[in-house]
Amino acid sequence: MEAIDTNYAGEGMYREFILDHFKNPRNFGTLENAEIRHREFNPLCGDQVEIFLKLNGDGAIQDVRHTARGCAISVSAMSMLSETLRGLTLREVAGMGKESMLGLLGIPIGPVRIKCALLPFYALKGGIIAYESRK
Amino acid sequence: MIGTRMKGLDVGKIMADFPILNRVVNGKPLAYLDNSATSQKPLQVMEAISHYYAHSNSNIHRGVHQLSAESTAAYEEAHSKAAAFIGASSMEEIVFTKNTTESINLLAYGLGSRLGKGDEIVVTQMEHHSNLVPWQQAAKRAGATLKFIEIDQKGELKMESIEGSITKKTRVVSVVHASNALGTVNDIRMIGEVAHENGSVFIVDGAQSVPHMPVDVKAIGCDFLAFSGHKMLGPTGTGVLFGRRDMLEETEPFIFGGDMIREVSFGESRWNALPWKFEAGTPNISGGIGLGAAIDYLQGIGMEKIEEQEKSLTSYAFKQLETIKGLKIYGPPPEKRIGVISFNISGVHAHDVAEILNGEGIAIRGGHHCAMPLMHLLGVAGSARASFYLYNTREEVDRLAAALEKVKKIFSV
């Protein structure tokens, strides 16, 4: 009956680096003239994130900003993700799986909070898909 | 008994009826403080359901055989218990539904013929989505306007907004008795008087009040009362719609099929008697019987005592939580609310609060409580909410307060 793994429950996920990214999110803000701008929202908890990507001539990501607002998990996930994007091509980002996003976060995430953890990832993917379909 | 003071509840004895309260969650004893979402169920309810399946299971209102007669009698008796519980005149005024949401949808469709272009429907700014969205859609279908009674800073309805919103154009007034998000208890008797003076139908959403205090439909003067069985110790999938007999007679059914008809030809149908014209198809028989057992359980203890116990616990929780720096409680003072406390800790998202509390074995809700427009009005994306019932204790409140201090420590706020 005790099917729930308790490793991720409670305070376990609130490591120091998670709280640091939550309180001081990297690359926070907006970008003028961003080629890609995309918003995702989790109506269940009110977490929201808007992502801005500026591309260079080769179609690689030159700059990134976001306005993540919500719980510690979604904000720190966005902050950490934003640090990895500069220099990547859209093709490289499109090839990223959600496992690599969870690996990036580096904490055990249970089924309840996985939506928080992946909200920024889906914002990024959604932005790229919308951009590609406009081309 | 000391003087006229009621003897308090024997919470230890009550807890023994709820096996789930013995559970250990994340290495800690469960403190279940999410009763506004759904309550736990006592053994008596589980036993009523398993007894029904082990002894009488069959369809109702159909067979002449013994089992069908027993099932029919038990299911109808549950309607009678619900009628007595809220002071209805007879079981004909009690329709079983699957929850409050379905009860209100039944009305939003069933009263549709009363609504026309230019008519008005009035709800409040503190409604649960279940008493907002059905009327929003009914207004769209009819070309009517949906109006909102406003709330003030304390989370109470503005008097002038009640009198200003309800007019001769108003056809339906549907108001929450006790708010699931703020805990506010509204003066529904007074709102009902204003509604009736203006010739409007008056509906009360009792989802959060009927489980926690004595509610008498004649005393509050409502035409309809909707509530959920699963929030008052009954099984999930059970809800109730009370309607005054004459009002139910005038309401159209919105689910059609078997058992709700008296006579059917290929072209026409005549509806069955009350309440069956609203209960098409095979109903949730075991659920209804389980709800009857839940009502027996609550009445065995007494709703006045339950209300008193929860008020005392809520006042105690207020005192404990108010000492936590940076914690903001939404809504009115404890004497004007049910056992629901919505709050936020500055600098911490409600989901993170709920997560850390879960690690301490404490179950609370974090989110918008299905009241997004209200949360928007409060200027928050969501809140954490602790909600009590008859089996909760001061010790659990102390654990809640200690865990909230732990949240602050982890987040350094």
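**Entry 1: domains of chain B**

I started with the two halves of chain B: the C-alpha centres of domain 1 and domain 2 lie 28 Å apart. This is a predicted model, so I'm keeping that in mind throughout. I noted the bounds next: domain 1 of chain B runs over 11-32 + 302-411, and domain 2 of chain B covers 46-300. Where they touch, domain 1 of chain B brings 34 residues and domain 2 of chain B brings 33 residues.

**Entry 2: area between the domains**

I looked up the buried area for this pair and got about 2600 Å², with 63% of it on carbon and sulfur atoms. Which three residues of domain 1 of chain B supply more of its buried area than any other three? They are B:Met303, B:Ile338 and B:Tyr389, and they supply 26% of what domain 1 of chain B buries against domain 2 of chain B.

**Entry 3: polar links between the domains**

I counted 1 salt bridge between domain 1 and domain 2 of chain B. B:Glu156 forms a salt bridge with B:Lys336, and I wrote down 3.3 Å for the closest N and O atoms. Polar contacts across the domain interface come to 15 residue pairs, both partners at pLDDT 80 or more.

I then checked which elements give two or more residues to the domain 1 side of chain B: helix H11 (303-322), strand S14 (340-345) and helix H13 (372-378). H13(B) has the largest share, at 6 residues. By class, I have 22 nonpolar, 5 polar and 7 charged residues on that side.

**Entry 4: chain B against chain A**

Next I moved to the chain interface. I found 21 residues of chain B in contact with 23 residues of chain A. The area buried between the two chains is about 1600 Å², and carbon and sulfur atoms give 55% of it. Which residues of chain B lose the most area to chain A? My list reads B:His349, B:Glu355 and B:Phe411, together 32% of what the chain B side buries.

**Entry 5: polar links between the chains**

Here the salt bridge count is 2 between chain B and chain A. I looked at the link from A:Arg113 to B:Asp352, a salt bridge whose closest N and O atoms are 2.8 Å apart. The rule also finds 7 residue pairs in polar contact across this interface, both residues at pLDDT 80 or more.

On the chain B side, helix H12 (350-359) and helix H14 (394-411) each supply at least two residues. I put H12(B) down for the largest share, 6 residues. The classes on the side of chain B that touches chain A are 7 nonpolar, 9 polar and 5 charged residues.

Notes. Residues are numbered from 1 along each chain as its sequence is written. Chains are lettered from A and ligands numbered from 1 in the order in which they are written. This is a predicted model: local features need pLDDT of at least 70, side-chain atom pairs count only at pLDDT 80 or more; totals for chains, interfaces and linings use all residues. Side-chain values use heavy atoms; hydrogens and water are left out. Contact means heavy atoms within 4.5 Å. Buried area is the accessible area (1.4 Å probe) that two parts lose on being put together, summed over both. A salt bridge is a side-chain nitrogen of Lys or Arg within 4 Å of a carboxyl oxygen of Asp or Glu. A polar contact is a pair of N or O atoms within 3.5 Å; within protein, one must be able to donate a hydrogen and the other to accept it, and residues adjacent in sequence count only if both atoms are side-chain atoms. Helices (H or I, at least four residues) and strands (E, at least two) are DSSP runs, numbered from the N terminus. Ala, Val, Leu, Ile, Met, Phe, Trp, Tyr, Cys and Pro count as nonpolar, Asp, Glu, Lys and Arg as charged, and the others, Gly among them, as polar. Domain bounds come from an automatic or database domain assignment.
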